[in-house]
Amino acid sequence: MSAGIKRRYSVRMAGIGGQGVVTASHVLSNGVILDKGESTMVPFFGSEKRMAPVESYVRISEDAIYEIGEIIYPNIIVIFHTQVITHGKSYTMPFYTGLKENGVVIINSATELKLSRDEEQELSDMSANVFHVPASKIAVDVAGTELATNMAMVGAIAAIIGMPSASSIEQSIKERFIGKGIVTSGGTAALDSVIERKFAKKAELVQKNMDVANAAREYALERKWDKWETAPKEMVAH
Amino acid sequence: MSEEVKENTETQPRNDDPRAHVISDPPPAKEEVKKEKTGAAAQRVVDPDYLILEAPRKKEFITGSEAAKESVRRANVDIAIAYPITPQSETMQQVGYLYAEGYIKDYYRGEEEIGVMSAVAGASRAGVRVLTATAGPGLMRGIEQIVSWPGGRLPSMLLVMCRVVNAPLAIQPDNIEISYLLNAGGIVLHGENQQDFYDYPLIGFMVGEKPEVTLPVAVAVDGFFVTHARGWVNMPAEDIKLPPRDCYHEAVPMMDNENPPIRISRDSPIQKSNFISYQMHAAWQQEIWAAQERAKKWLNRWLGGLIEVVNPGAKTMIVASGAAVSQSREAVRQATEKGLDVGLIKIKSIRPFPTQELNEALEHAEKIVVPEFNYVGWLAKEVKVAIDRTDRVIAGPRVFGGMTMPTELILETIAASK
Amino acid sequence: MGNEKKTQYRVVTGPEGILPPAATLMGISLPEEGEGLVEGEIVSEAEALEKAAIALLTRKNPTLFPGPLVLWGWNDHTDEKAKYFFDVANELPGIRIIPMPDYRPIYPKIDPEAVINPCHPNLTILHNKIEACVFIGVHCHYASITLKIIRAGTNCYTIALCAEAGHEDAMASVPNFDIEKLVRFRETIVTVKKNGIKPLYEGKGIVPTGWSQIASLKGETPVKPEEELVEAGVSGAFLNELESGLDDNAE
Amino acid sequence: MSLKTIRPATGFKEYLPKEYQDLIDDGPFLRQRKVSELGSFKEAIEEHPMCAGCAMTLFIRLVFVALPSLEHTVICGTAGCGRLAITQGAVPFVYGNYGDTNAVATGLKRGLDIRFKDTPKDVVVMAGDGGLADIGFHAVMHSWFRKEKFTTIMLDNEVYGNTGGQDSGMTQKGMVMKMAPTGKKFEKMDMLGLAKTAGVAYTARISTTNPTRIANTVRKAVLIAREVGPTFIQAYTSCNIEYAIPTPKVIDDARDVEKDRYGFEEYYSDEAQTYWDESEKERKRLRKAAKKLK
């Protein structure tokens, strides 16, 4: 892609209630702004209950964003939980509906997820790049709680699209959990307090979240996933 | 795609003839008369075609409110819900007398219009034929409910006696309130005179209850000019009435727990849960406007067309609805006497709007004058959207706030446009 | 708008895009008794039935969607009608029967092998790769909505056998669809096969679908298969931790 | 006829999903279920999106068990959490506009009475404190003054839960809520007092502590509404999210609140009292007679 053209990404995040999908989109979007980029996010709650599908949308761009509303034709799809695919816990079925040509699918899974032959076929037809990142595992290993899965996903996304920077994500995490309260639903507020209680101090919570995000970033960079747009597919480890 | 149902006597008022849908009965036999039935019991259910188009009629000189009463008397209404507001009050009082005489099964005065329009929604969901009437500020107060009727697919009859809605408060005729109904999704008929105020409700009930339509109908007239003035009204005898509402042959299930599915939640909100739900809400709205389009077939049958054309082919055509039509008729007569080539199109149905009919009837017209009894000129806007060569349209003259419209005003406009 | 001449709109299999127009508003009108609609054109009832039969015999994964009005025995008439419904089904090799038992938004997610739901009918069509289907006994309002959503997002050939006025948004539709017409439809299917239309699938009649239906038709009590947790360890941990997490949320 | 609406037409049963088959074979329709049977039969209410440990959900489930004739009942609701569960109940549910429940119920009940002269149809309004005491207040009061024969059940969680924690008229004075940033300025509305003034035949205040009592109260309210006049139940159904009540402690909270200010309280009009006493006698007589037969 030539330097002249500004980069623009439309990210659709799908997960299940309680995973912090919306929080992740806040952190990612805010991180881009801190990086002097442009970003907007649209939280999209499913039915009120936990374990129900949740989607959130983030637009990331190097210049002004005019579009609003949910993203129907994303070029990045992020799957926070394999059940989104395996148990159809998704409002857009199949999960890659609307994915643009040469797009990216990031799946939270330690192992390569077995997709149906049709799904494999359709994904390769649209020359999609499918990356499996063990976000929950990283969260457990690094922070000792799977509730930090969303931060691992943020780290992976940022690494793959090349923005925002690690430092901006760290700053964004700080702002999310300490400074500038972002308005959240009652459920999310309750979840926050659960997470907080898991750590002695908020500072610790923030640090752990940062560590998780960075660990996932490293995981992605090691595998050259950031080269998906430029390098030939075989050079990018899936 | 509702299923054919065996006649369910429990859902049929006792005194109704189950064969009614198909045939119009012979006059009652002598011994029947001896029983001295009164009210609805003395009436025969007849085929709508017969009651609306064929039954012999007699002329009477009555007010618009009385005309509405006579319409309701023959409409086989189950329940009427009233709330006073000038200039509507007389009509629902008259309907109350019908209840007292046994022509209507239930009647009460509601708390205010939000309550009344909500109760109309409840009654319609119960599968009965329901009627109410309001005017101006009352319509505004009930509008949240009224705009939700079409989405609920709730056949019902709303009579609207137009009056000023905006401050300073006034009771004078002014039909600006119709513009608030245009985007609701329901059927809106605009009557010119007492005769229309008799005919349109009967037609409205039958059209709104067709399975492929299943929509509420509003019949509007300009207050006072029509409601409180007397005019000639041609009506059939009192002893016939429309078939009852056939609620199991409509687009949605009744909320009576007698028809499936049991787990209806027919009105369950389309929650913000996914695109597909958005798609459902979108398709839902499309279906409402589609249903309106389907009503045209029946309106044409019973209304004799969505428009009436006087002097087809005239170079200058007046397009009007409601009381403005009467003024325009006179204008046409005087213009013709002066040797001017002026015609008139009366728009009877505002929703569905007669786009195609209008285009055909105005194909030849060089000038189109749209006189209205409101400040905003909603009819002129409708006409301009519907036709091409809109430079032909002269959006006026208009009077409002209760003024009447001198015929001269229309003639002057035509002259000035030369 | 205006009197601009529209080129005749055709109601054909999708996907037509996010929001197809209502066929009615594109100038498609309903058939009279004795007629039918095929792709928006008024044809004879016989022709409509034939087109429907061919679609069901030759397209992939044909499915019948009985709605509340036929699958619940709310009056003697429906019991009577049921028999003829199955007569039709039995003439269609490889046919599936997936009910629309009601119209509520099913929470949290429909089982696309077990039901179709007007809130998102395309999920059932896509999941089962259904390319021809029949709606019968669905209230007109929900039928129209369902037909539009299917035309929007799938390549399914929709057939609306309507007890009332018919449906412009279906590829094929016949109005006033009573028992006599069910019988005629069955006869049409038989004739079409005789006349050399080779069914895509072999054998006779209905293919069970979904764990519940398969068990029930075998006469066994359906038991919901355990939802095996993908990556048991991690996901399992997630669920439990979240529950216990929220449970002491005020402390 | 009604039961036919849960009987599949010949040959269709096997094609229905299991939850529907269960509803047919083992549902609450065939006979009045007892609270003690909960868990041993298929409840009318399907999986719903309410929060875990929600007291309101428990209460709604109990209402569905208690309704004296499920197959002849229609429920009216309005915006709020409650309808998320009620929508999934195997009873027709009218979701009207904001706060229109008691006006809709009036038209619905009168309409059903016109069509079904020999079959009593129970209309039950089940909505939140905001829906009934605030936006629907006028309709509630007038339906009571008009003596409309249906039951009104207020799911009183003392907050607008579905919109995220704003104070309602039923919120206690002083509570700091999303729209009472300095604390609510006036007392919790006395809907029970207003109900008596309006001539409601039977009112009850109840907390979500004793399932059997809840069921009996609901059944009584519906039966009295059927024969005598309007009835009203004001039920404390806490919002554990907005009031941050630990899920395992939801019932403890209900007990504390009950002790503190929400004790069980019933009121009968004379007419209602007479009707109820006689119908109780009749039921006893029938039970005796039944025993004798055995």
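# Helix pairs, a cavity and odd backbone spots

The C-alpha centres of domain 1 of chain C and domain 2 of chain C lie 20 Å apart, with domain bounds taken from an automatic or database domain assignment. This is a predicted model, where local features need pLDDT of at least 70, side-chain atom pairs count only at pLDDT 80 or more, and totals for chains, interfaces and linings use all residues. Residues are numbered from 1 along each chain as its sequence is written, chains are lettered from A and ligands numbered from 1 in the order in which they are written, and side-chain values use heavy atoms, leaving out hydrogens and water.

Student: How many residues does the contact take from domain 2 of chain C?
Tutor: The assignment splits chain C into domain 1 (34–194) and domain 2 (197–232). Contact means heavy atoms within 4.5 Å. Domain 1 of chain C gives 24 residues, and domain 2 of chain C gives 15 residues.

Student: At what angle do helix 4 and helix 5 of chain A cross?
Tutor: Helices (H or I, at least four residues) and strands (E, at least two) are DSSP runs, numbered from the N terminus. Axes are lines fitted to C-alpha atoms, for helices over the stretch in contact, and angles run from 0 to 180 degrees between N-to-C directions. Here helix 4 (residues 135–143) and helix 5 (residues 149–161) of chain A have axes that come within 8 Å, and the crossing is roughly 115°.

Student: Which residues of helix 5 of chain A make that contact?
Tutor: From helix 4 of chain A come A:Ala135, A:Ser136 and A:Ala139. By class, the contact of the two helices has 4 nonpolar, 2 polar and no charged residues; Ala, Val, Leu, Ile, Met, Phe, Trp, Tyr, Cys and Pro count as nonpolar, Asp, Glu, Lys and Arg as charged, and the others, Gly among them, as polar. The helix 5 residues of chain A are A:Thr149, A:Ala152 and A:Met153.

Student: How many charged residues are in the contact of helix 3 with helix 4 of chain B?
Tutor: Helix 3 (residues 64–73) and helix 4 (residues 89–100) of chain B pack at about 35°, their axes 9 Å apart. Among the contact residues are B:Glu66, B:Lys69 and B:Arg73 of helix 3 and B:Glu90 of helix 4 of chain B. The class count is 4 nonpolar, 3 polar and 4 charged.

Student: Which elements give two or more residues to the lining of the second largest cavity?
Tutor: A cavity is a set of points on a 1 Å grid over the protein atoms alone where a 1.4 Å probe fits but cannot get out, and lining residues have an atom within 4 Å of a point. The second largest cavity has a volume of about 80 Å³, a volume being the space filled by probe spheres set on the points, with grid points joined across faces, edges and corners. Its lining has 11 nonpolar, 1 polar and no charged residues. The elements are strand 7 (187–190) and strand 8 (217–222) of chain B.

Student: Where does the cis bond of B:Pro168 sit?
Tutor: Most peptide bonds are trans. A cis one joins B:Ala167 and B:Pro168, with omega about 0°. B:Pro168 lies in the chain B loop between strand 6 (157–162) and helix 7 (178–181).

How values were computed. On a 1 Å grid over the protein atoms alone, a cavity is a set of points where a 1.4 Å probe fits but cannot get out, and a pocket is an open set with protein on both sides within 12 Å along at least five of seven lines; lining residues have an atom within 4 Å of a point.
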